[in-house]
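Trainee: I should like to study one part of this model closely. Could you please take me through a single strand and its surroundings?

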Amino acid sequence: MWSIRYRAYVAASGRVVAVGPGVLWHLGAGFAEALTCVVEGDGGADRTERAAWLHDGR
């Protein structure tokens, strides 16, 4: 379901984040780590960062 609400982006450095309504979700330092996080879960780690500059479009 996260892929419906969040769009994933890869930085030039390789870091992968997903952007959603008011939240940045740090998926991994590289594609392989991000894919592992998405497929296997994050083990309960809090990878979210509130981003006030992102609004939910309301």
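Mentor: The account below follows one strand, then its two partners, and ends with a patch on the surface. Please keep in mind that this is a predicted model.

Let us take strand S2, which covers residues 16–20. Buried here means under 20% relative accessible area. Of the 5 residues in S2, 4 are buried, so the strand is largely enclosed by the rest of the structure.

Consider next how S2 is joined to strand S1, made of residues 7–10. The two pair in the antiparallel sense, with 4 bridges between them. Within this pairing, Val 17 of S2 has Tyr 9 opposite. The hairpin of S1 and S2 has 5 residues between the strands, and there Gly 14 takes a positive phi near 105 degrees.

S2 is also joined to strand S3, residues 23–28, by 5 bridges, and these two strands likewise run antiparallel. One of the bridges links Gly 20 with Val 23 in S3. In the hairpin of S2 and S3, 2 residues lie between the strands, and Gly 22 takes a positive phi near 75 degrees.

Finally, let us turn from the strands to the surface. Phe 31, Leu 35, Val 38 and Val 39 form a nonpolar patch there, and together they have about 400 Å² of accessible area. Leu 35 belongs to helix H2, which spans residues 31–40. Is Leu 35 buried, exposed or partly exposed? Its relative accessibility is 44%, so Leu 35 counts as partly exposed.

How values were computed
Residues numbered from 1 in each chain as written. Predicted model: local features only at pLDDT ≥ 70, side-chain atom pairs only at ≥ 80, totals over all residues. Heavy atoms only, no water. Buried < 20%, exposed > 50% of the residue type's maximum accessible area, 1.4 Å probe, protein only. Pairing = 2+ DSSP bridges. Patch = residues over 30% accessible without salt bridge, like charges linked within 9 Å, V, L, I, M, F, W, Y side chains within 5 Å. Areas by Shrake-Rupley, 256 points an atom, 1.4 Å probe, with all protein chains shown as cover. Salt bridge = Lys/Arg side-chain N within 4 Å of Asp/Glu carboxyl O.
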